[in-house]
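Thanks for coming, everyone. Let me put the model on the screen, and then I'll walk you through it.

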Amino acid sequence: MEKNIVPFEELSIIDDYMANAAASDLRVGKQFSRTLVEGLLQIKLGENIRVNIQRAIVGDMPFKRGIRLDIEVLE
């Protein structure tokens, strides 16, 4: 499988790498994730809502598959 390498200057916030970098930043990650979800859903999230971006859940047995959640909103 060939990977496409995109120059850093051409990346935007919708690219997987940039979204992960922003969401995992210790200073702005939580606010970035919250703002992204609020913007996409066009709603204001309550203060008790926590937003996680790109969480992988791996299967615990060979016949069970894992999943990757791009956006997860938890209360």
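Which backbone nitrogen does the side chain of Glu-38 reach? Hold that thought for a moment. This is a predicted model, so everything I quote is computed from it.

Start with where Glu-38 sits. Its place is in helix H2. Glu-38 is buried, because its relative accessible area is 12%, and the cut-off for buried is under 20%. Now the answer. The side chain of Glu-38 reaches the backbone nitrogen of Leu-45, at 3.0 Å. Set aside the neighbours within four places in sequence, and Glu-38 is in contact with Ile-43, Lys-44 and Leu-45.

Now the helix itself. H2 runs from 29 to 41. H2 has 13 residues, and from the first C-alpha to the last it reaches 18 Å. That is close to the 18 Å expected at 1.5 Å a residue.

Which residues of H2 are buried? They are Gly-29, Phe-32, Ser-33, Arg-34, Val-37 and Glu-38. Keep one rule in mind here. An α-helix has 3.6 residues a turn, so residues three or four places apart point the same way. As for what covers those buried residues of H2, the list includes H1, S1 and S2.

What comes after H2? Gln-42 does, and its phi is positive, near 55°. Note that Gln-42 is a residue other than glycine. Its place is in the loop between H2 and S1. Buried or exposed? Gln-42 counts as exposed, because its relative accessibility is 66% and the cut-off is over 50%.

On to the pockets. The largest pocket has a volume of about 230 Å³. Four elements each supply at least two residues of its lining: helix H1, helix H2, strand S1 and strand S2. H2 contributes the largest share, three residues. Among the lining residues are Phe-32, Leu-36 and Leu-40. Ile-13, Ile-14, Asp-15 and Asp-16 line this pocket too. So do Ile-53, Gln-54, Asp-70 and Ile-71, and Ala-19 completes the set. By class, the lining holds eight nonpolar residues, one polar and three charged.

The second largest pocket comes in at about 180 Å³. Here H1, H2 and S1 each supply at least two lining residues. Which element gives the most? S1 does, with four residues. The lining includes Arg-50, Val-51, Asn-52 and Ile-53. Also in the lining are Gly-29, Lys-30 and Ser-33, and Gly-29 and Ser-33 were on the buried list for H2. Ala-23, Ser-24, Asp-25 and Leu-26 line this pocket as well. The classes are four nonpolar, four polar and three charged. Ile-53 appears in the lining of the largest pocket and in the lining of the second largest.

Last stop, Arg-68. Arg-68 lies in strand S2. Its C-alpha is separated from that of Ile-57 by 6.2 Å. Along the chain, those two are 11 residues apart. What does Arg-68 contact, leaving aside its neighbours within four places in sequence? The contacts are Asp-16, Gln-54, Arg-55 and Ala-56. Two of those names should ring a bell: Asp-16 and Gln-54 both line the largest pocket.

To recap on Glu-38: buried in the model, with a side chain that reaches the backbone nitrogen of Leu-45. Over to you for questions.

Technical notes:
Residues numbered from 1 in each chain as written. Predicted model: local features only at pLDDT ≥ 70, side-chain atom pairs only at ≥ 80, totals over all residues. Heavy atoms only, no water. 1 Å grid on protein atoms, 1.4 Å probe; cavity = no way out; pocket = protein on both sides within 12 Å on 5 of 7 lines; lining within 4 Å. Points joined across faces, edges and corners; volume = space filled by probe spheres on them. Nonpolar A, V, L, I, M, F, W, Y, C, P; charged D, E, K, R; others polar. Buried < 20%, exposed > 50% of the residue type's maximum accessible area, 1.4 Å probe, protein only. Polar contact = N/O pair within 3.5 Å; in protein donor to acceptor, adjacent residues only side chain to side chain. Contact = heavy atoms within 4.5 Å. Expected span 1.5 Å × (residues − 1).
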